[in-house]
Amino acid sequence: MKDFAAIDFETANGYRSSVCSVGVVIVRDGKVVDKFYKLIHPVPNYYNPMNVKIHHITREDTDSEDTFPEVWAEVVQKIEGLPLVAHNSPFDEGCLKAAHERFGMDYPGYEFHCTCRASRRKLSGKVINHRLNTVAKYCGYNLENHHHALADAEACAAIALKLL
């Protein structure tokens, strides 16, 4: 796979619709050509302390940010015609579907590929686990800011270029 958009969401709480940030890395002809990161005003707008501990995004960070529909309008232009790739894609695809549903937006049925599944197929016995940071390191990418949506999308793109 040489043309795709790697995507990662972080959520404010246990609701998948509560996306509070998105990172997107556009790959064309096997090269990163664009990156996008945005904080998002989540719905529902409360932060679970466990989520904050993981990604360090707080309500104060996102209270004045755009909601999902405004941010997604920017993303759609960048990902048009590309398959989406995520590490543990059921989570990110679930976030995308839940946010579309929450805001009454039509979900166009994006094509998703999963680098975690690819890792399980291709790296079984070669890595100690299939977590994003572990697989990224194996693929030669140093993930320094794990759980920052753009850093995670960059790691996912690096993995996808090696495994998909």
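# Reading a predicted fold: surface, sheet and helices

Guide: The accessible surface of the protein comes to about 8,200 Å², and 47% of that belongs to carbon and sulfur atoms. Keep in mind that this is a predicted model.

Visitor: How many of the residues, as a percentage, are buried?

Guide: A residue counts as buried when its relative accessible area is under 20%. In this protein, 50% of the 164 residues fall in that class.

Visitor: What radius of gyration would a compact globule have, and what does the protein have?

Guide: The idea is to set the value from the model against the one expected for the chain length. For 164 residues a compact globule would have a radius of gyration near 15 Å, and the protein has 15 Å, which agrees. Along the principal axes, the C-alpha trace spans about 40 × 35 × 25 Å.

Visitor: Which pattern do the helices and strands follow along the sequence?

Guide: The count comes to 7 helices and 5 strands. Read along the sequence, their pattern is β-β-β-α-α-α-β-α-β-α-α-α. Contacts add another view of the chain: taking those between residues at least 6 apart in sequence, 63% join residues at least 24 apart.

Visitor: Which strands does strand 1 pair with?

Guide: For pairing, look at the bridges and at the sense in which the strands run. Strand 1 and strand 2, residues 19-28, are antiparallel and share 8 bridges. Within that pairing, Ile-7 has Val-24 as its bridge partner. Strand 1 also joins strand 4, residues 84-86, through 2 bridges, and here the strands run parallel. Ala-5 stands opposite Leu-84 in that pair.

Visitor: Is strand 1 enclosed or open?

Guide: Check each residue, then each face. In strand 1, residues 4-11, 8 of the 8 residues are buried, so the strand is largely enclosed by the rest of the structure. One side carries Phe-4, Ala-6, Asp-8 and Glu-10, the other Ala-5, Ile-7, Phe-9 and Thr-11, and all of these are buried. Both faces are thus covered.

Visitor: In which sense do strand 2 and strand 3 run?

Guide: They run antiparallel, joined by 8 bridges. Val-24 stands opposite Phe-36 in strand 3. Ile-7 is the bridge partner of Val-24 in strand 1, so to speak the other neighbour to inspect. The hairpin of strand 2 and strand 3 has 2 residues between the strands, and in it Asp-29 takes a positive phi near 50°.

Visitor: Turning to helices, what span should helix 3 have?

Guide: Compare the expected rise with the distance between the end C-alpha atoms. At 1.5 Å a residue, the 12 residues of helix 3, residues 68-79, should span 16 Å; the end C-alpha atoms are 16 Å apart, which agrees.

Visitor: Which residues of helix 3 are buried?

Guide: They are Phe-68, Val-71, Trp-72, Val-75 and Ile-79. These residues cover an arc of only 95° around the axis, which puts them on the same side of helix 3. They pack against strand 1, strand 2, strand 3, strand 4 and helix 4. After the helix comes Gly-81, with a positive phi near 80°.

Visitor: What does helix 4 pack against?

Guide: The buried residues of helix 4 pack against strand 1, strand 2, helix 3, strand 4, strand 5 and helix 5. Those buried residues are Ser-89, Asp-92, Glu-93, Gly-94, Cys-95, Leu-96, Ala-99 and His-100. As for length, the 14 residues of helix 4 should span 20 Å at 1.5 Å a residue, and the end C-alpha atoms are 19 Å apart, which agrees. Gly-104 follows helix 4 and has a positive phi, near 65°.

Visitor: What does Phe-91 touch?

Guide: Phe-91 lies in helix 4 and is partly exposed, with a relative accessible area of 24%. Not counting residues up to four places away in sequence, Phe-91 touches Phe-9, Thr-11 and Arg-16. The C-alpha atoms of Phe-91 and Arg-16 are separated by 8.0 Å, although the two residues are 75 residues apart along the chain.

Visitor: Which residues is Arg-102 in contact with?

Guide: Arg-102 is also found in helix 4, and at 45% relative accessibility counts as partly exposed. Leaving aside neighbours within four places in sequence, Arg-102 is in contact with Ser-17, Val-43 and Pro-44. The C-alpha atoms of Arg-102 and Pro-42, 60 residues apart along the chain, are separated by 11 Å.

Notes:
Residues numbered from 1 in each chain as written. Predicted model: local features only at pLDDT ≥ 70, side-chain atom pairs only at ≥ 80, totals over all residues. Heavy atoms only, no water. Buried < 20%, exposed > 50% of the residue type's maximum accessible area, 1.4 Å probe, protein only. Helix = DSSP H or I, 4+ residues; strand = E, 2+ residues; numbered from the N terminus. Pairing = 2+ DSSP bridges. Expected span 1.5 Å × (residues − 1). Arc of directions from axis to C-beta. Contact = heavy atoms within 4.5 Å. Rg over C-alpha atoms; globule rule 2.2 N^0.38 Å. Areas by Shrake-Rupley, 256 points an atom, 1.4 Å probe, with all protein chains shown as cover.
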